[in-house]
Amino acid sequence: MVRALAVAVLAVAAAAAAIALLWKSPTAVPAIAAGCGKSVPGPGFRVFSCMSGGADAGHPHPKELLVVRDDGTSAAYRASRTPELAARDGEVVASYDLGLVRVASRGLVPLLTNRELADALHVRPAAIFDLHSPRIDHHGAVSFTPSVLGRGGCRNPVLELVGGTVRQVQGSTSRTCS
């Protein structure tokens, strides 16, 4: 009887461990399977750029940055535009609501707001249509391409953020806002 009870306890413990392992897997987060294709790794987490969707899988969600931590927990940050991601040497940066943020395991850290970018470009914040192609170079500088509406149409300069200062690296790469 004692032996049978010990075997039963071990079986229950093994099942609980298997469930815990499954839950800790990022694939166990339902929203990932639907509309969250692009992702990058960070230290102790993975960040997904989710487009709105997921209804077909039974887990609808809005546009968001989804952070799935290695311990199985997650945090979702709703976004007005589909975020774009960049990662290098453990640092993760994302375009987020017409600004740039550093993604950390426990939250988003603003790097550049829409207002700060508008001031650097000498335009109104509403003139900034979107931010594209964030990149992190080997020195930690973040480059990106905003779409800026102006009197002459749209311009898409390549900019760089270093130590809180925005500077232009290349003139407009296109006349089309995207």
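Helices in this report are DSSP runs of H or I of at least four residues, numbered from the N terminus. On that basis, His122 comes just after helix 2 and takes a positive phi of about 60°. The model described here is predicted.

**Overall composition**

The protein chain holds two helices and 13 strands. Of its 178 residues, 37% count as buried. The chain exposes about 10000 Å², and carbon and sulfur atoms supply 59% of that area. Among contacts between residues at least 6 apart in sequence, 35% join residues at least 24 apart.

**Nonpolar cores**

In soluble globular proteins, nonpolar side chains tend to be buried together. In this chain the largest nonpolar core has 16 residues, of which Leu100, Leu117 and Phe144 touch the most other members. Two or more residues of this core come from each of helix 2 (114-121), strand 9 (128-136), strand 10 (142-150) and strand 12 (158-162). A second, separate core numbers 14 residues and includes Phe45, Leu85, Ala94 and Tyr96.

Leu100 has contacts beyond its neighbours within four places in sequence. Among these partners are Val93, Ala94, Pro110, Leu131, Phe144 and Leu161. Ala94, a contact of Leu100, is itself a member of the second core.

**Helix 2 and its cover**

Which residues of helix 2 are buried? They are Asn114, Leu117, Ala118 and Leu121. These residues lie on the same side of helix 2, because they cover an arc of only 100° around the axis. An α-helix has 3.6 residues a turn, so residues three or four places apart point the same way. The cover over the buried residues of helix 2 includes strand 7 (99-104), strand 8 (107-112) and strand 11 (153-155), together with strands 9, 10 and 12. Leu117 thus belongs both to the buried residues of helix 2 and to the largest nonpolar core.

**Residues with positive phi**

Besides His122, two further residues with positive phi are described here, Asp89 and Ser133. The table lists the phi values and locations.

| Residue | Phi | Location |
|---|---|---|
| Asp89 | near 50° | loop between strand 5 (85-88) and strand 6 (91-96) |
| Ser133 | about 50° | strand 9 |
| His122 | about 60° | just after helix 2 |

Neither Asp89 nor Ser133 is a glycine. Are these two residues buried or exposed? Asp89 has a relative accessibility of 72% and therefore counts as exposed, the cut-off being over 50%. Ser133, with a relative accessible area of 32%, is partly exposed.

Note on methods
Residues numbered from 1 in each chain as written. Predicted model: local features only at pLDDT ≥ 70, side-chain atom pairs only at ≥ 80, totals over all residues. Heavy atoms only, no water. Buried < 20%, exposed > 50% of the residue type's maximum accessible area, 1.4 Å probe, protein only. Contact = heavy atoms within 4.5 Å. Areas by Shrake-Rupley, 256 points an atom, 1.4 Å probe, with all protein chains shown as cover. Core = buried A, V, L, I, M, F, W, Y, C linked by side-chain atoms within 4.5 Å. Arc of directions from axis to C-beta.
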